[in-house]
2 protein chains.
Amino acid sequence: MLRVRRLPIDTYPDNTAFMLRHSNGYSAEQFQALRKIRITGEGREILASLALVDDDQIISDCEIGLGEQAFRRLGLPEGAMVQIAQARPPASLEFVRRKIDGDTLGEAEISAVIRDIAAHRYSPMEIGAFLVACAGFMSTPETLALTEAMVAVGNHLSWDSPLVVDKHCIGGIPGNRTSMIVVPIVAAHGLICPKTSSRAITSPCGTADVMEVLAKVELTSKEMADIVAREGAVLAWGGRMNLSPADDVLISVERPLRLDTFEQMVASIISKKVAAGSTHLVIDIPVGPTAKVRSQNAAVRLRKLFEYVARHMGMETTIIFSDGSQPIGHGVGPVLEARDVMAVLRNESDAPADLREHALALAGHMLEFDPELPGGRGYARALELLASGEALAAMERIIAAQGANPVKPSLGKFRHDVQSQSTGRVTSIDCERIARIARHAGAPLDQGAGIDLLHKTGSAVHKGEALYRIYANSDIGLGFAREFAGENSGYVIA
Amino acid sequence: MLRVRRLPIDTYPDNTAFMLRHSNGYSAEQFQALRKIRITGEGREILASLALVDDDQIISDCEIGLGEQAFRRLGLPEGAMVQIAQARPPASLEFVRRKIDGDTLGEAEISAVIRDIAAHRYSPMEIGAFLVACAGFMSTPETLALTEAMVAVGNHLSWDSPLVVDKHCIGGIPGNRTSMIVVPIVAAHGLICPKTSSRAITSPCGTADVMEVLAKVELTSKEMADIVAREGAVLAWGGRMNLSPADDVLISVERPLRLDTFEQMVASIISKKVAAGSTHLVIDIPVGPTAKVRSQNAAVRLRKLFEYVARHMGMETTIIFSDGSQPIGHGVGPVLEARDVMAVLRNESDAPADLREHALALAGHMLEFDPELPGGRGYARALELLASGEALAAMERIIAAQGANPVKPSLGKFRHDVQSQSTGRVTSIDCERIARIARHAGAPLDQGAGIDLLHKTGSAVHKGEALYRIYANSDIGLGFAREFAGENSGYVIA
């Protein structure tokens with residue numbers, strides 16, 4: 001038995017335990033050779049990697065140190081007595097091995113894998129193995145089983161309405177912040193739209209990050225339900241809802257590996273929407289040379305997979321293809337994107353036209369779900385609600401209901417203009433590059449960091465003219481972004 | 001610039017850096033969101049994961065803490081000034097992504113991946129992704145390219161002889177310690193056999209672990225060369241030689257994932273043998289229901305792959321299939337296996353007959369490589385050298401040359417007999433299970449830990465009679481092994 005000691009070391013996302021190297025009879029090296037240990041006490045259990053400590057000031061003989069992450073996950077107080085044992089690999093790893101060998105897995109097998117992943121019983125390496133094996137080949141029934149398994153291990157929200165609308169964009173286009181325009185429009189019309197969004201993981205900005213510039217987004221399920229009851233809609237961060245905990249774990253490995261298969265994408269999106277209680281969903285698939293989907297054929301294949309899985313999960317979908325050839329709007333980064341969104345809602349004359357147009361198209365498709373509205377009237381109705389200021393009023397009510405941010409974060413004070421190397425026309429802007437430059441500047445954690453695009457494709461520029469401005473609140477962040485943009489600005493001028 | 005501080009925390013096999021959470025302008029959380037950082041100074045560079053510390057007793061504002069592993073790899077003294085930056089993923093990860101997408105890679109691409117892996121630029125997750133993608137499909141030219149790339153990044157040994165013999169068993173059979181019998185036999189005959197062996201990774205015992213019971217095995221290349229010049233042979237640990245550093249890294253991921261594809265196995269073995277300067281190689285493929293190779297078809301496929309790669313690498317091979325239906329010899333674990341080996345070399349009457357017979361067969365095949373010996377005389381010559389005591393004398397010279405162990409480690413003082421649950425005959429013994437029980441007891445780090453098999457297949461046993469005895473030097477180890485054996489002893493009695 002070892003005494004738990006909390007160590008002020010955060011090894012997110014991994015659980016790490018610390019033990020004195022020479023102690024406890026059975027040598028710590030023997031445990032370490034096994035890489036992973038199981039820590040149990042008072043009915044709680046976690047798996048952790050083991051770090052060996054050579055200084056008894058940090059940890060002493062009869063203790064086990066737990067890093068912040070491991071301490072939180074174990075959930076026992078300091079001083080609790082725990083036992084350690086060799087971690088047995090989860091039994092479902094056998095199914096992963098079969099998948100690696102080329103087998104097709106059944107529902108029960110996929111469900112066992114997902115349960116173990118959601119319970120944090122897999123290491124990143126093991127999760128990577130599962131994902132890569134699935135990337136090699138995954139049947140549509142397997143994709144459906146994966147979606148069902150992901151829904152089964154999470155929380156479910158339910159709404160007292162037969163029509164709960166939602167939208168989702170598969171991502172990859174910087175500045176594509178349509179949700180914050182679409183949701184107030186459909187709310188102003190009277191539809192129920194309890195929107196949960198993610199924070200950025202490898203992108204410079206998620207909808208939750210932008211909404212947080214304006215209002216509180218970390219809501220409890222109860223708070224969310226109250227707001228939806230009053231306003232019809234909400235724009236909350238989904239992370240707290242635990243809607244698809246297995247997906248959250250999978251994403252933590254997909255992103256660094258830049259694995260982005262259609263099967264994983266469909267299972268991830270549909271599982272979260274089902275868990276969030278949506279019944280009708282508009283999915284936006286941007287297609288472009290630097291977008292996630294780069295050809296019409298691929299877009300059609302993805303659409304069919306969405307349709308197959310959504311239909312079997314009992315969800316209505318409208319799937320649209322959109323222009324993913326360049327970033328949307330002007331700003332990339334939380335503060336900048338919030339500025340663009342509000343400019344559109346306020347019908348300002350310099351509001352980005354592409355963002356406005358794209359949001360209206362999506363809102364139009366969502367409004368078509370309303371059986372009361374004559375077919376084909378969705379777009380016109382959306383335009384009416386936006387132009388009249390009703391959408392802005394709905395947004396202001398939603399912000400007030402969630403809790404308006406008393407002090408708005410400001411735009412980064414360190415700035416750098418990236419200039420055109422030649423005179424000509426902007427022929428393309430690389431979405432991936434722009435996203436990564438904004439990320440290097442510090443977005444989204446630095447809310448004022450990002451990029452303001454001063455030219456879009458088709459625009460004429462002179463040599464030395466600024467193409468875009470980088471913002472950051474730290475000179476280190478600005479330096480990283482500047483260096484990265486110096487290698488390749490993401491713009492092609494011809 | 002940050003000052004390097006060595007922290008007495010060993011996070012093997014990962015590099016870990018420790019920074020104060022709130023410090024250095026650009027927040028540590030922003031770095032952590034990136035998961036991996038690049039640390040550079042005085043021309044040295046490592047990648048490390050970042051742990052955030054909330055206590056400035058452990059690390060202060062202008063410092064970066066390095067765990068033992070990271071400190072050693074960076075190779076700078078304490079107090080050195082270093083810079084940190086966001087780690088860029090190695091460019092060769094693009095080839096891994098293409099492999100995941102189903103492409104076949106060319107020589108230059110595989111070589112780039114292997115160079116980055118050998119330089120520790122890949123995380124375990126990224127290595128896992130590469131290995132699983134290769135497990136999905138790998139062409140024979142890709143396997144050859146992998147072998148060549150692995151040879152290219154390591155050290156090479158060379159011997160002043162046109163005939164340098166070696167043997168290798170693909171493993172998986174506990175107690176199969178033939179090298180320590182075969183090497184003295186061929187040395188007694190006068191062949192050059194500079195044998196490098198591995199330590200156990202997930203098995204309870206490697207040849208280097210058993211040899212270490214008798215003599216020093218951590219030799220420099222120079223010491224090894226001197227011993228081979230005098231004795232014709234050596235039994236050294238290959239780990240110090242850096243013969244295939246990429247393979248050492250790959251293995252650290254293959255083993256926990258229990259990935260064991262033929263392509264990786266062939267590239268691993270042939271690359272190490274080429275690097276060790278061998279010209280003629282006997283490969284032993286045990287076939288059995290719980291062995292690595294479980295059918296004759298699979299054995300033939302593996303043999304052909306070995307032949308293809310070895311031929312293109314300019315190496316002569318003889319590949320034999322052997323009985324892999326149960327463990328070989330009596331003992332499993334360093335001290336126990338050393339006992340069995342010496343009993344065979346000393347021609348003791350109770351020496352394990354199966355170990356003796358298998359070693360003679362392998363030595364016979366190796367002796368056939370000698371152009372001076374009439375064809376088909378290998379086995380008889382091997383038997384003659386063993387029976388006459390010449391092999392024992394050669395072994396004693398090799399032990400003396402390497403440095404005999406002054407104090408022999410003793411057999412574990414904690415013991416437990418696993419008893420038969422019924423009366424009947426032993427119909428099968430599960431190699432994998434026996435290996436894991438011995439491992440749980442503490443082998444190989446606890447040299448005296450292991451299993452002594454008292455019955456082999458075909459043997460008649462009574463209910464309550466001991467099937468095997470578990471040994472350990474710690475009661476925790478004995479407890480683990482006992483519990484594990486209690487779930488499933490690995491024996492079937494019928």
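**Group meeting: a cavity, a helix and two tyrosine pairs**

Helix H3 (residues 93-100) of chain A, helices here being DSSP runs of H or I with at least four residues, and strands runs of E with at least two, numbered from the N terminus, gives the largest share of the lining of the second largest cavity, namely four residues. This is a predicted model, in which local features need pLDDT of at least 70 and side-chain atom pairs count only at pLDDT 80 or more, while totals for chains, interfaces and linings use all residues. Residues are numbered from 1 along each chain as its sequence is written, chains are lettered from A in the order in which they are written, and side-chain values use heavy atoms, without hydrogens and water.

That cavity (a set of points on a 1 Å grid over the protein atoms alone where a 1.4 Å probe fits but cannot get out, with lining residues having an atom within 4 Å of a point) is lined by A:Leu93, A:Val96, A:Arg97, A:Ile100, A:Ala129 and B:Leu257.

Turning to helix H18 (residues 475-487) of chain A, the end C-alpha atoms are 18 Å apart, which agrees with the 18 Å that its 13 residues should span at 1.5 Å a residue, the expected span being 1.5 Å times one less than the number of residues.

Finally, there are two aromatic pairs over all chains, meaning rings of Phe, Tyr and Trp (its six-membered ring) with centres within 6.5 Å, stacked under 30 degrees, edge-to-face over 60 and tilted otherwise. A:Tyr468 and A:Tyr491 form a tilted pair, 5.5 Å centre to centre with 40° between the planes, and this pair links strand E18 (residues 466-472) of chain A to strand E19 (residues 491-493) of chain A.

Notes: 1 Å grid on protein atoms, 1.4 Å probe; cavity = no way out; pocket = protein on both sides within 12 Å on 5 of 7 lines; lining within 4 Å.
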